[in-house]
Amino acid sequence: MANGKIKADTLEHSTAGSLDTQYVVNGSAKVWERHNASHSLESSFNVSSITDNGTGDTTVTYSNALSAATQVIGGSAGNNDSNECLIVSNSRAASTTTTHRYVVGDSGGTYRDRAVNATLVQGDLA
């Protein structure tokens, strides 16, 4: 049995309206991950592994490469038992087409491991 292709410019839902497929291709996160303080992945998409580089310092490795190292990275971190939200920065090391590295720190600049850590990447797949 041969594999077929579905080609469409618009997706239409019976009650929610329609959506241009370019929005899906260009507007969807290409990588996302959530891990705990022990650096165990809780859930992810397009992530092959994460590396603990030290307190509050993590590298995320992608399963499928991006077309350029100019992706946009967002993130958040905090504890389950408080409303504390910490600063997440990807300026620790340059991103590549297959990784990004980020640190989690408090407003005083001290790196912290937190119970909930998450990042997402917007960009184009290779």
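**View 1. Glu-42 and Arg-34 meet in a salt bridge.** The two side chains come together at 2.7 Å, N to O. This is a predicted model. Side chains of opposite charge can pair when their charged atoms come close. How exposed is Glu-42? Glu-42 has 42% relative accessibility, so it counts as partly exposed. Arg-34 is partly exposed, with a relative accessible area of 34%. A search of the whole structure finds two salt bridges. The next view shows the pair Asp-57 and Arg-101.

**View 2. A salt bridge joins Asp-57 and Arg-101.** The distance is 2.7 Å, N to O. Which elements does this pair link? Asp-57 lies in strand E6 and Arg-101 in strand E9. The two residues are 44 residues apart, and the pair links distant parts of the chain. Is Asp-57 buried or exposed? Asp-57 counts as buried because its relative accessibility is 2%, and buried means under 20%. Arg-101 is partly exposed, at a relative accessible area of 23%.

**View 3. Thr-119 makes polar contacts with Glu-33 and His-100.** Look for Thr-119 in strand E10, residues 116-122. Its relative accessibility is 4%, so Thr-119 counts as buried. Which side chain does the Thr-119 side chain contact at 2.8 Å? That partner is the side chain of Glu-33. The polar contact with the side chain of His-100 is at 3.1 Å. Leaving aside residues up to four places away in sequence, Thr-119 also touches others, among them Val-31, Trp-32, Val-60 and Tyr-102. Gly-74 and Gly-75 are on that list as well.

**View 4. Eleven residues form the largest nonpolar core.** Five of the names to find are valines: Val-31, Val-47, Val-60, Val-104 and Val-121. The other members are Ile-50, Ile-73, Leu-66, Ala-77, Tyr-62 and Tyr-102. Which elements give two or more residues to this core? They are strand E5 (47-54), strand E6 (57-62), strand E7 (72-78) and strand E9 (99-105). In soluble globular proteins, nonpolar side chains tend to be buried together.

**View 5. Tyr-62, a member of the core, has neighbours of several kinds.** Residues up to four places away in sequence are not counted here. Tyr-62 touches Val-31, Val-47 and Val-121, which are core members too. The list of contacts also includes Thr-96, Thr-97, Thr-98 and Thr-99. Asn-46, Ser-48, Gln-71 and His-100 touch Tyr-62 as well. His-100 appeared in View 3, where its side chain makes a polar contact with Thr-119.

Note on methods:
Residues are numbered from 1 along each chain as its sequence is written. This is a predicted model: local features need pLDDT of at least 70, side-chain atom pairs count only at pLDDT 80 or more; totals for chains, interfaces and linings use all residues. Side-chain values use heavy atoms; hydrogens and water are left out. A nonpolar core is a set of buried Ala, Val, Leu, Ile, Met, Phe, Trp, Tyr and Cys residues joined through side-chain atoms within 4.5 Å. Buried means under 20% relative accessible area, exposed over 50%, partly exposed in between (1.4 Å probe, protein chains only). Helices (H or I, at least four residues) and strands (E, at least two) are DSSP runs, numbered from the N terminus. Contact means heavy atoms within 4.5 Å. A salt bridge is a side-chain nitrogen of Lys or Arg within 4 Å of a carboxyl oxygen of Asp or Glu. A polar contact is a pair of N or O atoms within 3.5 Å; within protein, one must be able to donate a hydrogen and the other to accept it, and residues adjacent in sequence count only if both atoms are side-chain atoms.
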